[in-house]
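Hi,

Here's the structure I promised to pass along. Have a look at it first, and my notes are underneath.

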Amino acid sequence: MLYAGYRRLLYAPLSREIHSLRTRSGDLPEGFKIFPEFLSISEQRILLSAALSKLDSTETKQARKQRRDFITNHPREHRTIEDIFLPDAYYNFQEGHYDGVIRHYREMHLSSWPVDQNPGLSFILARLQRLYPTSNTQTHLLHLSSVGEILGHVDNIEASGTWILGVSLGAARVLRMESTSDPEDFFEVLLPSGSVYLQMDSVRYDYNHSVLKAGDFLGREVKAGQRVSIMVRDRKEAPTFNS
């Protein structure tokens, strides 16, 4: 069942600015949509703070105390989204993922959001849910360090279904999508903070996706910095058997 309002939101005018897109053909495939400015600055702050709070809760009491002490001794104005992050050394980033795809990261599978502790969060989540093609979902939080990266891969086809939605919070990075059958068939999109992208069907199954390190993108410097990705996937439907 499609969420009400999904069709209107999905096909709303999308950015085609040259600095946001690089592709051989000049067009995005049908199964990929991007909303470059979906979240306002205030919405980004609320969502990022909630995500970091959930990620922090998985770490040791000592690590949490070190972060509290740093914040107490180094009061800062959060003039930008990136200012919400503490220095890399105050997070327990893992060097590498078990499958070798993600480097310098921390992650968790999210069962619930702390909506009671974050005024406005439920409204933001409801806005995002209107983009979901289907309603039975699972959520994954991924925090990359300033030098973190995600190497090219196709998400496990046994673990989720036909679409993936990604919310970017923090430093901008470049998303590269490359056909698994033709390396010359690729496209790259700049993912600024507050952007949302959706990959579906053939783009979900037939393209490797990677998040590149800081560098240059069409003459624009993409600076190093931490980012949190909120990845929402539909749950794979269990097969049904006729009796």
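Helices (H or I, at least four residues) and strands (E, at least two) below are DSSP runs, numbered from the N terminus. It's a predicted model, where local features need pLDDT of at least 70 and side-chain atom pairs count only at pLDDT 80 or more, while totals for chains, interfaces and linings use all residues. Residues are numbered from 1 along each chain as its sequence is written, and side-chain values use heavy atoms, with hydrogens and water left out.

On confidence: mean pLDDT (the predictor's confidence in each residue, from 0 to 100) is 86, and 86% of the residues reach 70 or more. Residues 1-19 are below 50, yet that stretch has 38 contacts (heavy atoms within 4.5 Å) beyond near neighbours in sequence.

Overall, the protein has five helices and 13 strands. Of its 243 residues, 47% are buried, meaning under 20% relative accessible area, with exposed over 50% and partly exposed in between (1.4 Å probe, protein chains only).

Helix 2 (residues 41-56) has 16 residues, which should span 22 Å at 1.5 Å a residue, and its end C-alpha atoms are indeed 22 Å apart. That expectation is 1.5 Å times one less than the number of residues. Its buried residues include L47, L48, A51 and L55, and the buried set packs against helix 3, helix 4 and strand 13, among others.

Two backbone oddities to check. Most residues other than glycine have a negative phi, but D201, in helix 5 (residues 201-206), has phi near 55°. L218, in the loop between strands 11 and 12, has phi near 50°. D201 is partly exposed at 46%, and L218 is partly exposed at 39%.

Cheers
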